[in-house]
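The following exercises concern a structure of two chains. Each task is followed by a solution that proceeds step by step.

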Amino acid sequence: MAEQNTGDRRPTVIADDLHIVYRVNGAKTGKGSATAALSRILRRRSDDAARGVRKVHAVRGVSFVAYRGEAIGLIGSNGSGKSTLLRAIAGLLPAEKGKVYTDGQPSLLGVNAALMNDLTGERNVILGGLAMGMSREQIKERYQDIVDFSGINEKGDFITLPMRTYSSGMAARLRFSIAAAKDHDVLMIDEALATGDRKFQKRSEERIRELRKEAGTVFLVSHNNKSIRDTCNRVLWLERGELRMDGPTEEVLKEYEKFTGK
Amino acid sequence: MSETTHDGTVAVTEAAPPDEGLTAAQLAAKYGLAVSGARPSLVEYVRQLWGRRHFILAFSQAKLTAQYSQAKLGQLWQVATPLLNAAVYFFIFGLILHASRGMSRDVYIPFLVTGVFVFTFTQSSVMSGVRAISGNLGLVRALHFPRASLPVSFSLQQLQQLLFSMIVLFLVAIGFGSYPDMSWLLIVPVLALQFLFNTGLALIMARAGAKTPDLAQLMPFVMRTWMYASGVMFSIPIMLDDKPRWIATVLQWNPAAIYMDLMRFALIDGYGSENLPDHVWAVAGGWAVLFAVGGFVYFWKAEERYGRG
């Protein structure tokens, strides 16, 4: 994979000492009672900690530069800040400190939140496409591809049924198909490969490779070391919100596997 | 523990010789990278929002359809719900409390139904506005779009809901002897102005609700107070006849009362211009522009902060 690193190294994403902090209301040491809430309001003027607002420091000072043509895997144990980091790169979570610079608009491959279970698959394809910023013409053009790719209609005319009637696997396949229909400058995938049956997984890995060719840079969050090996040429290892290691896939994965005791 | 040091990390990342020694900001400037998640200018924001108009419309229609998709009667509830609503208010205020003082039955029933429907439009726009961001954090944190799309889309959903209610309203008006004439055309500007006002209010509530989700608990009481003060089920000047004149004027100039009165004036034959306050159209337009512009700017000012949990 070294050929992608030679020649013109154009940065597409630069993270500069990035910190992300979540604030959780009313999570002070187990006291969720009304009196606790009242005292919180009365102490409005004092600092966050006294008002029972707990801070969760999810990403602590991460810096890296990603280049065009790279596919970067993000690994780390649960709660290490991988998804948060992706959202911050996409500009969806405001940074507490530090900055992220990007080339074009990075997009998260995930359209789940815009879809509605009570609507038919057909309307969800249109709604999801519009939510991702596609035009009506683009959606019309790709509609058939999306449906064919998802394989929803292989077992009958399911696309005209509400999504709540789908099995969880079918719904996940349709979601992935919609999300993968758009071309992106910087593409970020959060555990999307784990869905569907073996056949669909193969097909989606194929599609990721395609997207990677079209996109400038791909980020992939996964707990599946094999899919990281198959798709990525560089890996960032996060632990407790800090960047623990950054390097070529094999090197980092070897250390990671030693760490996790695999 | 791994023996990789922080220095080792940096060495791998910034290996490109010509860019060595540049700070992140300089590197970004050299290759024309922009800060992710920065707030666009107001003009750019309007342009982005316009670019998402198809999404806004599709989202509002989807919400509207999804509402009743599990019910056996399905979309029939779009019309049945406002009809039942009107029946309940007629039963309580018309038959039991006799709030119709000073109006004949033929005027009072369409008067009441219009009031209920028009006020519900504002009320539900406010309520869905409060939750527009805080209730859709998943969407806000997953996809990129001008956040104003959400409150605008919810107000649009309420407008479509009102258009279904208007079918009921027309039937009630005709049933009580107010037949369609030229004055019914006034419905269009009234609805347009009220929609502008509601959207502005929804934008303000959306920003407030994103910061303080507790407002969703509080707003029903505020809205109910507003409803009783706006003369939904009684005529303000007649009810306040024995009070100083200015109280009635102030109440009549409040935006909810203005839009209700204009709609009644347009629809009901027996409800003439003597029931309208002075300068009614100017006030109606003023509220609409003030809230639409003010609400939009107020919402835009916090654009980059929506989504922080």
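Two strands pair if DSSP finds at least two bridges between them. The model treated here is a predicted one.

**Exercise 1. Determine how strand E8 of chain A is paired, and state whether it is enclosed or open to the surroundings.**

Step 1. Begin with strand E3 (residues 71–75) of chain A: E3(A) and E8(A) are joined by four bridges in the parallel sense. By the criterion of at least two bridges, they therefore count as a pair.

Step 2. Locate one bridge of this pair. Ile75(A) has Trp237(A) in E8(A) as its bridge partner.

Step 3. Turn to the other neighbour, E9(A). Six bridges connect E8(A) with E9(A), and the sense is antiparallel. Trp237(A) appears again here, with Met245(A) in E9(A) as its bridge partner.

Step 4. Examine the connection. E8(A) and E9(A) make a hairpin with two residues between them, and Arg240(A) in the turn has a positive phi of about 50°.

Step 5. Assess burial, for which a residue needs 20 or more other C-beta atoms within 10 Å of its own. Of the six residues in E8 (residues 234–239) of chain A, five are buried, so the strand is largely enclosed by the rest of the structure.

**Exercise 2. Describe the sheet to which strand E1 of chain B belongs.**

Step 1. Write down the strand order. The open sheet has four strands, arranged E2(A)-E1(A)-E4(A)-E1(B), with antiparallel pairing.

Step 2. Identify the edges. E2 of chain A and E1 of chain B are the edge strands, each pairing on one side only.

Step 3. Inspect the pairing across the chains. E4(A) and strand E1 (residues 34–35) of chain B are antiparallel over two bridges. Within this pairing, Thr102(A) stands opposite Ala34(B).

Step 4. Recall the general principle: strands of a sheet pair through backbone hydrogen bonds, either parallel or antiparallel.

**Exercise 3. Characterise the side of chain A that touches chain B.**

Step 1. Count the residues in contact: 49 from chain A and 37 from chain B.

Step 2. List the contributing elements. Those of chain A that give two or more residues include strand E1 (11–24), strand E2 (54–67), helix H2 (82–89), helix H3 (121–131) and helix H8 (249–260).

Step 3. Sort this side of chain A by class: 28 residues are nonpolar, eight are polar and 13 are charged.

Step 4. Look at one contributor, H2(A), in detail. Seven of its eight residues are buried, and the helix is mostly covered. Among the buried residues are Lys82(A), Arg87(A) and Ile89(A). After H2(A) comes Gly91(A), with a positive phi near 75°.

**Exercise 4. Which residues touch the most other members of the largest nonpolar core, and which helix gives the largest share?**

Step 1. The core holds 157 residues, and Leu127(A), Met188(A) and Tyr259(B) touch the most other members.

Step 2. Helix H6 (residues 105–134) of chain B supplies the largest share, 16 residues.

Step 3. Take Met188(A) as an example. Leaving aside neighbours within four places in sequence, its contacts include Leu86(A), Ile89(A), Pro106(A), Leu109(A) and Phe219(A).

**Exercise 5. Compile the overall dimensions and composition of chain B, and set its annotated spans beside the model.**

Step 1. Chain B contains 14 helices and one strand, whereas chain A contains eight helices and nine strands.

Step 2. The C-alpha trace of chain B extends about 90 × 50 × 35 Å along its principal axes. Its radius of gyration is 25 Å, against near 19 Å for a compact globule of 309 residues.

Step 3. Buried residues account for 42% of the 309 residues in chain B and for 47% of the 262 residues in chain A.

Step 4. Consider contacts between residues at least 6 apart in sequence. In chain B, 81% of them join residues at least 24 apart; the corresponding value in chain A is 71%.

Step 5. An unreviewed UniProt entry places "domain: ABC transmembrane type-2" at residues 73–302 of chain B. In the model, this span is 74% helix and 0% strand.

Step 6. The unreviewed UniProt entry also gives the feature "transmembrane region" for spans including 76–96 and 162–179 of chain B. Residues 76–96 of chain B are 95% helix, with end C-alpha atoms 29 Å apart. Residues 162–179 of chain B are 78% helix, and their end C-alpha atoms lie 20 Å apart.

Notes:
Residues numbered from 1 in each chain as written. Chains lettered and ligands numbered in written order. Predicted model: local features only at pLDDT ≥ 70, side-chain atom pairs only at ≥ 80, totals over all residues. Rg over C-alpha atoms; globule rule 2.2 N^0.38 Å. Buried ≥ 20, exposed ≤ 12 C-beta atoms within 10 Å, placed from the backbone. Contact = placed C-beta atoms within 7 Å. UniProt positions renumbered as here; feature names shortened; annotations may be inferred. Nonpolar A, V, L, I, M, F, W, Y, C, P; charged D, E, K, R; others polar. Core = buried A, V, L, I, M, F, W, Y, C linked by C-beta atoms within 7 Å.
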